[in-house]
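Colleague: I am new to this structure and would like a close look at a single part of it, the open sheet and what surrounds it. Could you take me through that part slowly, with each term explained as it comes up?

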Amino acid sequence: MDNLNLLYLVMGILLFVSVLVSRISARLGMPLLLAFLGVGILAGEEGLGGIKFNSYLGATFVSQIALALILLDGGLRTQFHTFRIALKPAAILATWGVLASVSLLGIFATFFLDIDWKLGLLMAAIVGSTDAAAVFSLLRNSGVRLHPRIQATLELESGLNDPMAILLVTVLISLIMQPEHTTATSAFLMLVQQLGLGLIFGIAAGKIMALLLAHIRLAEGLYALMIASGGLLVFATCNLLGGSGFLAVYLAGVMVGNARNSSTEHVLNVMDGLAWLAQASMFVVLGLLVAPSKLLEQAVPALVIAAFLIFVARPLAVYSSIKWFRYSRKEFLYISWVGLRGAVPVTLAIMPLMSGVPQAELLFNVAFAVVILSLLIQGTTIPFFAKKLGMVLPPKPEPLDSREIWLDKNLLLTLQSFQVAANSEAEHSHPHAMTRAHDFSGSHLFALVRDGKMQTVNMVTQMQRDDIAWYVLPENLGNAFAEQFSGSHNHDEQEFYGEFVVNPDAKVGDLALAYGLKMEAEESNLTLAQLFRRRFGDVPVAGDRIIIGGVAITVKSLDENSFIKELGLKMPKNAH
């Protein structure tokens, strides 16, 4: 019992310290995943803790469960709208993009490390895919409002590319250990099986879990447990059938997350904590597994390989994947930069070790070092490059808080709170005045809080700076309603969108005539909304931009049906 309690003590200390260190990490602008990894390394055999841990099977066990939970949580927060925005380019990045990146890096690694070409390709396949845990964590906690199309592309790519990476690693290990049983046909059939079963099983299981969530009455805390255990069941069953468990659990999460009901809120709140626990546990365990001295021995080769991957292989793979779509040069550069490596490459690097592949330890140490370098170089600069390349949209007024009250299984009441800013429309106004605009009919004041105390609202009540007003308001109207409580965001918005607002129903030819712009004859009879749909497909998003004769026209807002509601027009700086 003493040994068991000692184990619990060590686990508790490691996770507790990881959470505390994450606060320091956030302030320094360092990815939180590195903080968890650092705690594991410091506690390891060559660190201050001196804990000896060399179980590759144990590390794989923890990593697989953690990744399944992280992908499940990522799927729960992925809206169907995201697939409409970026499914095609993300799918190509997740298949051809991985293959192109692995091929380029494999050739380079073969000559640079002077190893057999099969080992070179295997090392490239191990680090060839972006990592969902790293991408979800760093993009969603970057502190910037990223362009929706770019964020959707990156998140979908990381959620969908694991099957290709796992296939390549599996095939190359088989090619090294059992070359007589490995053919191009068998590899292709394996890919079809992985993707096909993962797709079918994930969607079907997700729909079943969504139905159960909607019709079974449980204690609030058990809904998330049902979905988490169901996700692990989907993951394991699909793997046993020969499909991609990672793809299946991600898609199952998508299906559950988009079937909203009274139980969904409980699931999301608990799953967020489980996902953080999974990330912390996984990176602490992986940190315990690695020996810093061996990493340092491979520091120079890893740095060169990481540099080739980041600056050559990834950009070329991205360019060849998305050049058919209307991404700008800056968007291409940013997608190339956010090719984050994380836990998946380390987990894949364990497979050659467990299979007895020659020089597998070299592959493991190089892969681990590449992951650390990727998180250090790319992970710490995500917000910087987003701003530098113009991928950040201006801060948008939004509710301070939002609470859901389900009056029935499918009857939702949403409470949203707003803080009164200085010089806002709400300051010195009556709380009920905010609900009188045409777009907010049906909204009602719920409570007014001042200095932490409820206020009695009467005929002469005026809201003051820092008051918090709660309203019963449809969730989709929250951001528009928040504009009345916001101070001045005009400068940032004008800098990005321009000083002029343009009607999306205006004719392109009329606009060109008014500003002396040259347009193609076939486009002059289109409305601006039609032009954007022609250029960007059926799903334009805020931040999409068209340049006509130096004049920038940018989507400013959309309605609930994804139709363009407002466009901004920005004149060239040298225009008079």
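Modeller: The part to look at is an open sheet of four strands in the order β6-β9-β8-β7, with antiparallel pairing; strands here are DSSP runs of E with at least two residues, helices are runs of H or I with at least four residues, both numbered from the N terminus, and two strands pair if DSSP finds at least two bridges between them. Because β6 (500–502) and β7 (545–548) stand at the edges with a single partner strand each, one side of each is left without a neighbour in the sheet. On average, neighbouring strands of this sheet are turned by 30 degrees against each other, direction ignored, where the axes are lines fitted to C-alpha atoms, for helices over the stretch in contact, and angles run from 0 to 180 degrees between N-to-C directions.

A word on the origin of these values: this is a predicted model, in which local features need pLDDT of at least 70 and side-chain atom pairs count only at pLDDT 80 or more, while totals for chains, interfaces and linings use all residues. Residues are numbered from 1 along each chain as its sequence is written, and side-chain values use heavy atoms, with hydrogens and water left out.

At the β7 edge, this strand pairs with β8 (residues 551–558) in the antiparallel sense over four bridges, and R545 stands opposite T554 in β8. Helix α23 (residues 528–536) lies across β6, β7, β8 and β9 (564–570), running at about 110 degrees to β7; contact means heavy atoms within 4.5 Å.

In the loop between α23 and β7 sits D544, which is linked to R149 in helix α7 (residues 148–160), 395 residues apart. The two form a salt bridge with their closest N and O atoms 2.5 Å apart, a salt bridge being a side-chain nitrogen of Lys or Arg within 4 Å of a carboxyl oxygen of Asp or Glu. D544 counts as buried at 1% relative accessibility, and R149 counts as buried at 6%, since buried means under 20% relative accessible area, exposed over 50%, and partly exposed in between (1.4 Å probe, protein chains only).

Helix α7 leads on to another such pair, for R314 forms a salt bridge with E157, their closest N and O atoms being 2.8 Å apart. R314 lies in helix α14 (residues 299–322) and E157 in helix α7, so this pair ties together parts that are 157 residues apart in sequence.
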